[in-house]
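Please go through the terms used for this model, one at a time. For each, set the value beside the rule that decides it.

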Amino acid sequence: MAKNVVILGGGTGGTMVANHLARTMRSEIKRGEISVTQITADADHVYQPSFLFAAINHARIEDYTRPQQSLLSPGVNLVVDPATKIDTGANKVITASGATFPYDKLVIATGAYPDFNSMPGLAEVADNFYTAEGTVKLREKLTNFTGGKIVITIDVPHKCPVAPLELVFMLDELYREKGIRDKVDLLYTYPIGRLHSLEPVATWAQPEFEKRGINWECFCNVDSVDPQKKVVNTLEGSEIPFDILISIPAHKGAQVIIDSELGDEGGFIPTDRYTLKADGYDNIYVLGDATNLPVSKAGSTAHYEADVVAENLISELRGLTPSHYYDGKVFCFVEAGLNKATYVSFSYTKPPTPTPPTEMIHWFKLAFNEMYWLSARGIL
Ligand SMILES: Cc1cc2nc3c(=O)[nH]c(=O)nc-3n(C[C@H](O)[C@H](O)[C@H](O)COP(=O)(O)OP(=O)(O)OC[C@H]3O[C@@H](n4cnc5c(N)ncnc54)[C@H](O)[C@@H]3O)c2cc1C
């Protein structure tokens, strides 16, 4: 009987694990000893970092979308049918159509999602660039903007921790190019006492803000938003008026994780930081934004983790002892405007050290945006 590997999620992490596994174990798959099934909620795979560029009309999301089937190696069975329940007692996944998928090994890569209902008023009035629909709506507002106050609010945890900083730098330069920067008040807010949770990033960003005249407010936690008055009320007692409110609310894990009672209070799965096994489950691996690990929720994180999960699964399926460990590695480009970027590279033990932004790094980021599909397929 074939051993069933079920991979939940067809985003960055789930796709990389599926392809790595299918390529390395193609002989076992051909002989019917192993079956690899990917269950996902969407037939299309969207490269989410494109939202940042799409929000300022420098990219089209359609150009960064591929049919999920086209990204998978032969040997992976794709099921587009969202999982509704993970039954860890019976080792099976149940999907919305009522189908049941038994597993010997389960990989969970179901992502993280902004919760726009986390604060009263937010869903009615806030814009965002964290969903495809939100990005398209925001693009129209930002493109037609002729002046006024743009406020950015952030709550944690959220994916791509540097994206809000990148957007604010891009908006600064966009409106300079347009010749209306003096009419635009940009206010970036952050929940703790500095501009970013990663201290070296905050230290790098603050002089950039000062140089560019970008305003900021730290210790700024949204309590509610008044959609009629267009005012953000904070837990700290301030009232912040806005013309456009761009909000990155706290994220939650996927609904199936919450419904299966596998997550913490935010729906993130307690995960071993080195082996990436779900705490208490020897046959379940977790990666990407779905984990509760103290690392950035980023595509690069999912990528580095995918190699560990796939290699350890291969060892286990071949009867060997798994020997790969995740070291907390994350790599993120940071756009510092329209034509320059820096990057941060860090791990559990090594803090990030942003370097001065250059045009070359910006072009590397743009090049990676195009090469992502090779990376997802496991070619790069
Ligand atoms: C604006 C923005 C900019 C970003 N920029 C960067 C960047 O520059 N660099 C970087 O490294 N990262 C960046 N990211 C973050 C990156 O996109 C995510 O961290 C990455 O996609 C996480 O991969 P994942 O596999 O964990 O989740 P995802 O890629 O989100 O995939 C989750 C998958 O789970 C599926 N799913 C959900 N529920 C179910 C269910 N019930 N049943 C089955 N399937 C389900 C979904 O359909 C999806 O296929 C950015 C994100 C945003 C929003």
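**Terms and values**

Q: Why is Leu276 called buried?
A: Leu276 has a relative accessible area of 0%, and buried means under 20%, exposed over 50%, and partly exposed in between (1.4 Å probe, protein chains only). Leu276 is therefore buried. This is a predicted model: local features need pLDDT of at least 70, side-chain atom pairs count only at pLDDT 80 or more, and totals for chains, interfaces and linings use all residues. Residues are numbered from 1 along each chain as its sequence is written, and side-chain values use heavy atoms, with hydrogens and water left out.

Q: What is unusual to note about the phi of Leu276, and where is Leu276 found?
A: The phi of Leu276 is positive, about 65°, although Leu276 is not a glycine. Leu276 is found in the loop between H8 and S19; helices (H or I, at least four residues) and strands (E, at least two) are DSSP runs, numbered from the N terminus.

Q: Is Glu261 buried or exposed?
A: The relative accessible area of Glu261 is 71%, so Glu261 is exposed. Glu261 is not a glycine, yet has a positive phi of about 55°. Its place is in the loop between helix H8 (255-259) and S19.

Q: What makes Ala367 partly exposed?
A: Ala367 has 31% relative accessibility and therefore counts as partly exposed. Ala367 sits in helix H10 (residues 359-377).

Q: What makes the peptide bond from Val156 to Pro157 cis?
A: Its omega is near 0°. Pro157 lies in the loop between S11 and helix H6 (163-177).

Q: Why are S5 and S19 said to stand at the edges?
A: Two strands pair if DSSP finds at least two bridges between them. The open sheet has five strands in the order S5-S2-S1-S9-S19, with parallel pairing. Strand S5 (76-80) and strand S19 (284-286) each have a single partner strand, so one side of each is left without a neighbour in the sheet.

Q: How do you know that S2 pairs with S5?
A: Five bridges join strand S2 (residues 34-40) to S5, and the two run parallel. In S5, Val76 is the bridge partner of Val36.

Q: Which strands are the edge strands of the sheet S6-S7-S8?
A: This open sheet has three strands and antiparallel pairing. Strand S6 (83-87) and strand S8 (100-102) are its edge strands, as each pairs on one side only. Strand S7 (residues 92-95) is joined to S8 by three bridges, and the bridge partner of Ile94 in S8 is Thr100.

Q: What makes a space a cavity, and how many cavities of 30 Å³ or more are there?
A: On a 1 Å grid over the protein atoms alone, a cavity is a set of points where a 1.4 Å probe fits but cannot get out; a pocket is an open set with protein on both sides within 12 Å along at least five of seven lines; lining residues have an atom within 4 Å of a point. The count comes to one cavity of 30 Å³ or more. About 60 Å³ of space lies in the largest cavity, and its lining residues include Ser118, Met119 and Asp155.

Q: Why is the second largest pocket said to lie between domain 1 and domain 2?
A: Domain 1 (3-111 + 254-329) and domain 2 (115-251) both give residues to its lining, so the second largest pocket lies between them. The domain bounds come from an automatic or database domain assignment. The pocket holds about 400 Å³ of space and is lined by 23 residues, with Pro161, Ser197, Pro294, Val295 and Ser296 nearest its centre.

Conventions. Points joined across faces, edges and corners; volume = space filled by probe spheres on them.
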